[in-house]
Amino acid sequence: MAAVIVSIAGRTYRLSCDDGEEPRLEELARYVEGKILSMKDNFREIGEQRVVVMAALSIADEAADARNKAQALEAELAALRAELDAVKTASVALEERAVAAVDDAAKRLERLEADLRKPAVSDDFPF
């Protein structure tokens with residue numbers, strides 16, 4: 001288990017994380033710190049705790065928007081997969097009909113060829 005020391009809102013925190021996750025945790029801490037600084041710039045006469053809460057709510061709002069977009073994309077992906085399955089099914093059915101039509105045409109041609117090879121019946125020679 002690894003540990004990272006980060007500074008958020010003027011306070012230092014020692015946080016544990018899985019090995020290799022240190023850069024990600026540091027990046028997240030910088031993002032939170034940036035949100036807090038942005039809130040401080042926008043609302044100068046506001047208490048420290050309130051700024052932290054507002055930054056947390058802003059980040060939660062971004063996360064909720066991202067979840068909603070992900071859910072919409074998952075639904076769209078599911079619809080596209082269903083459409084693709086329907087197209088594949090229609091394609092297989094169309095291919096089967098085409099094969100049947102070619103087979104039928106081949107049989108007709110064979111019958112026509114056989115008919116053409118038969119000797120012609122003439123009216124000159126009564127049987």
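A surface patch here is built from residues with over 30% relative accessible area and no salt bridge, nonpolar side chains being joined within 5 Å. With that in mind, and remembering that this is a predicted model, select Leu109, Leu112 and Leu116, which make up a nonpolar patch on the surface and together offer about 340 Å² of accessible area. Keep Leu112 highlighted and widen the selection to helix α2, residues 48-117, in which Leu112 is found. Leu112 has a relative accessibility of 46% and therefore counts as partly exposed, since that class lies between the limits of 20% and 50%.

Next, select helix α1, residues 22-42, whose 21 residues reach 30 Å from the first C-alpha to the last, close to the 30 Å expected at 1.5 Å a residue. Within α1, colour Leu25, Ala29, Glu33, Lys35, Ile36 and Met39, which are its buried residues. If you look down the axis of α1, these buried residues fall within an arc of 155 degrees, so they line one face of the helix. In general, an α-helix has 3.6 residues a turn, so residues three or four places apart point the same way. Turn to the face of α1 directed away from its buried side, and you will find the exposed residues Arg30 and Asn42 there. To see what covers the buried residues of α1, show β1 (2-8), β2 (11-17) and α2, which are included in that cover.

Finally, move to the loop between β1 and β2 and select Ala9, which lies in it. The phi of Ala9 is near 55 degrees, a positive value in a residue other than glycine, and Ala9 is buried, with a relative accessible area of 16%.

How values were computed:
Residues are numbered from 1 along each chain as its sequence is written. This is a predicted model: local features need pLDDT of at least 70, side-chain atom pairs count only at pLDDT 80 or more; totals for chains, interfaces and linings use all residues. Side-chain values use heavy atoms; hydrogens and water are left out. Patches are made of residues with over 30% relative accessible area and no salt bridge: like charges are joined within 9 Å, nonpolar side chains (Val, Leu, Ile, Met, Phe, Trp, Tyr) within 5 Å. Accessible areas come from the Shrake-Rupley method with a 1.4 Å probe; for residues, only the protein chains shown count as cover. A salt bridge is a side-chain nitrogen of Lys or Arg within 4 Å of a carboxyl oxygen of Asp or Glu. Helices (H or I, at least four residues) and strands (E, at least two) are DSSP runs, numbered from the N terminus. Buried means under 20% relative accessible area, exposed over 50%, partly exposed in between (1.4 Å probe, protein chains only). The expected span of a helix is 1.5 Å times one less than its number of residues. The arc is that of the directions from the helix axis to the C-beta atoms. Contact means heavy atoms within 4.5 Å.
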